[in-house]
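Thanks for coming. I have one structure to go through today, and I will keep to the strands, the charged side chains, a cysteine pair and the ligand. Please have it open in front of you.

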Amino acid sequence: MLSSPCRLWLLAVTLSLAPGAQPLAPQDSKEEEENETLRPPLPAVPCDYDPCRHLQVPCQELQWAGPTACLCPGLSSPAQPPEPPRLGEVRPEAEEGRAVVHWCAPFSPVHQYRLLLWEGSGDPQEGTPLNSTVRRAELKGLKAGGSYVICVVAANDAGESRVPEAGGEGLEQGSQPSFGPCGRFIMPPRPRTLIHAALWVGTALVLISCSALVWHFCLRQRWGCPRRRAI
Ligand SMILES: *[C@@H]1O[C@H](CO)[C@@H](O)[C@H](O)[C@H]1NC(C)=O
């Protein structure tokens, strides 16, 4: 699964070496130019770019920001819709009725992301568009114990990334970790509900025990035992 981004990265590193070297050559004086030709090319460093990091600036903006240029992973053509993003961790927060969704950017130019949320069957709810630096979003108003399917869609001028057939239904059997743009998650019951249930069961048990004791010591003595003595 990791092989294709890695391959893209390697490809980018090899492809970027040549164009990356050109602007590094100082053009201030002839002396420096001579030195530059004698020196071996600077070691090329990959940019501090993590496709999964929240609020990550696009690599192309980092490339020329520092004193020396760095290398960016290769991207698919801007004339094509982006590859699907990869869904990461989905962390349900039962008490608040929400879930925090993480994802990783595809190796494609992306202008914005959108989240699609299916609850059962039917049409998905669509989230507001998020800018291309965003990798984390919050889903609100989720029902405790509810089962949901979430998909992340990336878009650029050429179109939108693919979503698996029928969104949620396509995932019906797949509870294995997926490397695609979609995932299924279940909201756990609210802890408060569990505590209330436990308190009710506890109270009921105490009441039953009390009535058993009351019956045993008082009522039986008053009606049960005298009758037995009378016999
Ligand atoms: C993208 O959205 C995030 C979260 O809403 C915001 O913090 C950030 O400033 C935005 N970035 C740009 C470049 O608009």
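Val 101 has its bridge partner in strand S6, and that partner is Ala 137. Before going on, note that this is a predicted model. Strand S6 covers residues 136–139, and S2 pairs with S6 in the antiparallel sense over 4 bridges.

S2 also has strand S1, residues 86–93, as a partner. S1 and S2 run antiparallel and are joined by 6 bridges. To find one of these pairings on your screen, go to Leu 87, whose bridge partner in S2 is Trp 103. S1 and S2 form a hairpin with 4 residues between the strands. Look at Gly 97 in that hairpin, which takes a positive phi near 65 degrees.

How much of S2 is buried? The strand runs through residues 98–104, and 5 of its 7 residues are buried, so S2 is largely enclosed by the rest of the structure.

Now the charged side chains. The count of salt bridges comes to 9. I will take three of them, beginning with Glu 93.

Glu 93 forms a salt bridge with Arg 98, and the closest N and O atoms there are 2.6 Å apart. Glu 93 also forms one with Arg 91, where the closest N and O atoms are 3.2 Å apart. Is Glu 93 buried or exposed? Its relative accessible area is 17%, and the cut-off for buried is under 20%, so Glu 93 counts as buried. Its two arginine partners are in another class: Arg 98 is partly exposed, with a relative accessible area of 25%, and Arg 91 is partly exposed at 36%.

The third salt bridge is between Lys 140 and Glu 138, with the closest N and O atoms 3.8 Å apart. Lys 140 counts as exposed, at 64% relative accessibility, while Glu 138 is partly exposed at 37%. Which residues do shared salt-bridge partners join into one network? They are Glu 89, Arg 91, Glu 93, Arg 98, Glu 138 and Lys 140.

Next, the cysteines. Cys 72 is in the loop between helix H3, residues 59–62, and S1. With a relative accessibility of 5%, Cys 72 counts as buried. How far is Cys 72 from Cys 47? In sequence the two are 25 residues apart, and in space their C-alpha atoms are 5.9 Å apart.

Last, the ligand. Which residues surround it? They are Leu 55, Asn 131, Thr 133 and Val 134. The protein covers 32% of the 360 Å² of accessible area that the ligand has on its own. Sorted by class, the shell has 2 nonpolar and 2 polar residues, and no charged ones. For Asn 131, there is a specific distance to look at: an N or O atom of its side chain is 2.3 Å from an oxygen atom of the ligand.

To recap, S2 is paired antiparallel with S1 and with S6. Glu 93 has salt bridges to Arg 91 and to Arg 98. The ligand has a shell without charged residues. That is what I have.

Conventions: Residues are numbered from 1 along each chain as its sequence is written. This is a predicted model: local features need pLDDT of at least 70, side-chain atom pairs count only at pLDDT 80 or more; totals for chains, interfaces and linings use all residues. Side-chain values use heavy atoms; hydrogens and water are left out. A residue is near a molecule or strand if one of its heavy atoms lies within 4 Å of it. A polar contact is a pair of N or O atoms within 3.5 Å; within protein, one must be able to donate a hydrogen and the other to accept it, and residues adjacent in sequence count only if both atoms are side-chain atoms. Accessible areas come from the Shrake-Rupley method with a 1.4 Å probe; for residues, only the protein chains shown count as cover. Ala, Val, Leu, Ile, Met, Phe, Trp, Tyr, Cys and Pro count as nonpolar, Asp, Glu, Lys and Arg as charged, and the others, Gly among them, as polar. A salt bridge is a side-chain nitrogen of Lys or Arg within 4 Å of a carboxyl oxygen of Asp or Glu. Buried means under 20% relative accessible area, exposed over 50%, partly exposed in between (1.4 Å probe, protein chains only). Helices (H or I, at least four residues) and strands (E, at least two) are DSSP runs, numbered from the N terminus. Two strands pair if DSSP finds at least two bridges between them.
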